[in-house]
Amino acid sequence: MSNNQRGETFNDLLFEDPHRAFDKAMEEMQRTQERITAVRENLERKPIKVTTKDGMITITLDARGDVTSIVFNTQKWRRMAPAELGNALVEAITKARAEGRALLAEAYQQFLPEGMDLQKIMSGQISTDGIFESARRQSEQIISAAQPVVPAARTARKG
């Protein structure tokens, strides 16, 4: 049974065979890229449609959250004051965008580290500074742990 068949982790390989660790990381990155592409294509095929409670307005958004259509389903809007109609449109668009963010967050959550709430990030309720600082510290730990191993592995191959 090969080491890979035993289910070696990236960290195991990083110290034993950095080149295989790199290859394994690249393979995983390729699989993740393919999954992200599939999620994006699925989202692009399904526009977000939201209708107001009273059924008067339907807003359609594309996968980016851009408004692609506004449909007035009733004639009620003709009797509304301009400010009232404007408020109804803003409310409908706001609701559609919130639902769109929730859908995107749900679709992409699987690609994020545990505990990261994409919906909060997208709505501006959470700072990404701490997230990137944590990732930076973790990468520095991996690099510093691998440095003594890499020269030893090179020396072993030359001999």
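Helix α2 spans residues 18-45, and R31 and E28 both sit on it, three residues apart, which is about one turn of the helix. In this predicted model, the two form a salt bridge whose closest N and O atoms are 2.7 Å apart. Side chains of opposite charge can pair when their charged atoms come close. Neither end of this pair is buried: R31 is partly exposed because its relative accessible area is 41%, and E28, at 37%, is partly exposed too.

That is a local pairing inside one helix, and the structure holds five salt bridges. Now look at D54 and K76, another of these pairs, with the closest N and O atoms 3.0 Å apart. D54 lies in the loop between β1 (48-51) and β2, while K76 lies in the loop between β3 (67-72) and α3, so this salt bridge ties together parts that are 22 residues apart in sequence. Both partners count as partly exposed, D54 at 41% relative accessibility and K76 at 34%.

Next stop, D66. D66 forms a salt bridge with R64, and here the closest N and O atoms are 3.3 Å apart. R64 is exposed because its relative accessible area is 67%, over the 50% cut-off, whereas D66, at 38%, is partly exposed. The pair isn't on its own, either: salt bridges that share partners join D62, R64 and D66 into one network.

So much for charges; what about a polar residue in a strand? Take T58, which lies in strand β2 (residues 57-61). With a relative accessibility of 12%, T58 falls under the 20% cut-off and therefore counts as buried. Which side chains does the T58 side chain make polar contacts with? One is that of T51, at 2.9 Å, and another is that of N73, at 2.7 Å. If you skip the neighbours within four places in sequence, T58 is in contact with K49, V50, T51, S69, I70, V71 and N73. T51 and N73, then, turn up both as polar partners and in the contact list.

Finally, head over to helix α3, which covers residues 82-108 and includes Y108. Which residues does Y108 touch, once those up to four places away in sequence are left out? They are I36, V39, R40, L43 and L118. L118 is ten residues from Y108 in sequence, and the two C-alpha atoms are 8.0 Å apart in space. As for I36, V39, R40 and L43, their numbers fall within the 18-45 span of helix α2, which brings you back to the helix where this walk began.

Terms used
Residues numbered from 1 in each chain as written. Predicted model: local features only at pLDDT ≥ 70, side-chain atom pairs only at ≥ 80, totals over all residues. Heavy atoms only, no water. Helix = DSSP H or I, 4+ residues; strand = E, 2+ residues; numbered from the N terminus. Contact = heavy atoms within 4.5 Å. Buried < 20%, exposed > 50% of the residue type's maximum accessible area, 1.4 Å probe, protein only. Polar contact = N/O pair within 3.5 Å; in protein donor to acceptor, adjacent residues only side chain to side chain. Salt bridge = Lys/Arg side-chain N within 4 Å of Asp/Glu carboxyl O.
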